[in-house]
Amino acid sequence: MQTCQILGSGHAVPERILTNADLEQMVDTNDAWIVERSGIRQRHIAEPGSSLSDFAADAVNQALERAHTAAQDIDLIIVGTVSGDMKFPAMACLLQEKIGATKAAAFDISAACSGFLYALHLAKSLMQTCAYQRVLVVAAEMLSSMVNWEDRNTCVLFGDGAGAVVLGPAADGRGILSSTIHSDGHYSNLLYNPAGSRHVLSAEDIDNNLATIHMQGREVFRHAVSSMTSALNEALEQAGLGAGDLDFVIPHQANIRIIEAIAKRFKVPEGKIIINVERFGNTSAASIPIALNEAIQDGTIKKGDVVGLTTFGAGLTWAASIIRI
Ligand SMILES: CC(C)(COP(=O)(O)OP(=O)(O)OC[C@H]1O[C@@H](n2cnc3c(N)ncnc32)[C@H](O)[C@@H]1OP(=O)(O)O)[C@@H](O)C(=O)NCCC(=O)NCCS
């Protein structure tokens, strides 16, 4: 069955940088602790009042240009996000208007940090079954809008940003060779934001920071390593490849210790595992497409390279994909 390939990619982050030194002025933390436990040195944080769909549009326009594709030719837009501009309509629809993708169908999917690989999996399936020719897969997050800036356990970890790819029919052996998605709602209590229809928040709830990210960090860490490992193994098997066939691995950029654990399990040599967590923090769904685009643009990842992508996030959700670029 026909699969699809990445024709172009892009990413965008807010200009404002929040360093660990800045955070030292906000909560009881310090640079040494943050670097040792997470590997993060800075993150980009949107100015209040800015729109995530603007960053997403910036990333998409880069991807369209590199793919030599006009927005009017896009058939479908899928956005992975849990922090869209509004509760509804979908951010994909707001993005559609901003970029002028007039004929596209557009919707969001909610899979937290797994959003990009979930969207990619779905895009691939829909291209196979609905004969779409050009599909935009976007992942964009502004988790700064739901971080409790008084909670040192979480506020040091997250950053804002957007990444995008344009997909078209595969050729020359390139394309998405395999993909897999998983979830286990039993662990939904490990990482969540309770704001929703079940809790219509009062002003007091908001003052008490209820509408923010709640996380059991150690438990999440434990699941992260095992789920990302099993998903990548499954995707490799589906593609008929072994770990030794991977030219690069891009794990979700949540924490350097998680990334190093993945590198060790797959025996990925230094330089073959793409890492940018120190500059962006955890940008949730956007982390993989940002890292992928950076590595393509700086020439690290080249046409024909086999890249393993693996992620996990709230839900819990987890996913992986093997792509020949
Ligand atoms: C959050 C995380 C970095 C914490 O590291 P950890 O080694 O598990 O640390 P712990 O939570 O056990 O906390 C150890 C101590 O550091 C303290 N601490 C927590 N955050 C701190 C901070 N920012 N600065 C200084 N100290 C901090 C804790 O209060 C605790 O102190 P105590 O021993 O006096 O109680 C780590 O658990 C992690 O990365 N988990 C995965 C999170 C993640 O990836 N989430 C996104 C999923 S997509």
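Which polar backbone atom lies 2.9 Å from a nitrogen atom of the ligand? In this predicted model, the backbone atom in question belongs to Gly-217, which is paired at that distance with a ligand nitrogen. Two arginine side chains approach oxygen atoms of the ligand: an N or O atom in the side chain of Arg-218 is placed 2.7 Å from a ligand oxygen, and an N or O atom in the side chain of Arg-152 lies 2.9 Å from an oxygen of the ligand. Of the 960 Å² of accessible area that the ligand has on its own, 77% is covered by the protein.

The ligand is accommodated in the second largest pocket, and the elements that contribute two or more residues to the surrounding shell are α2 (31-38), α6 (152-155) and α8 (217-239). Among these elements, α8 makes the greatest contribution, with four residues. In total, the ligand is surrounded by 20 residues, of which Thr-29, Arg-37, Gly-217, Arg-218 and Asn-255 are the closest. By residue class, the shell comprises nine nonpolar, six polar and five charged residues. Both domains take part in the shell, since at least three residues are drawn from each of domain 1 (4-172) and domain 2 (177-324).

Turning to the backbone, a cis peptide bond is modelled between Phe-88 and Pro-89, with omega at about 5°, and Pro-89 itself is located in the loop that runs between β4 (76-80) and α4 (91-99). A cis peptide bond also leads from Gly-315 to Leu-316, where omega is near -15°; Leu-316 falls within the loop between β12 (306-313) and β13 (317-324). A further backbone feature concerns Ala-112, a residue other than glycine that nevertheless has a positive phi, with a value near 50°. Ala-112 is situated in the loop that links β5 (105-109) and α5 (115-130).

Terms used:
Residues are numbered from 1 along each chain as its sequence is written. This is a predicted model: local features need pLDDT of at least 70, side-chain atom pairs count only at pLDDT 80 or more; totals for chains, interfaces and linings use all residues. Side-chain values use heavy atoms; hydrogens and water are left out. A residue is near a molecule or strand if one of its heavy atoms lies within 4 Å of it. A polar contact is a pair of N or O atoms within 3.5 Å; within protein, one must be able to donate a hydrogen and the other to accept it, and residues adjacent in sequence count only if both atoms are side-chain atoms. Accessible areas come from the Shrake-Rupley method with a 1.4 Å probe; for residues, only the protein chains shown count as cover. On a 1 Å grid over the protein atoms alone, a cavity is a set of points where a 1.4 Å probe fits but cannot get out, and a pocket is an open set with protein on both sides within 12 Å along at least five of seven lines; lining residues have an atom within 4 Å of a point. A molecule sits in a cavity or pocket if more than half of its atoms lie within 2 Å of its grid points. Ala, Val, Leu, Ile, Met, Phe, Trp, Tyr, Cys and Pro count as nonpolar, Asp, Glu, Lys and Arg as charged, and the others, Gly among them, as polar. Domain bounds come from an automatic or database domain assignment.
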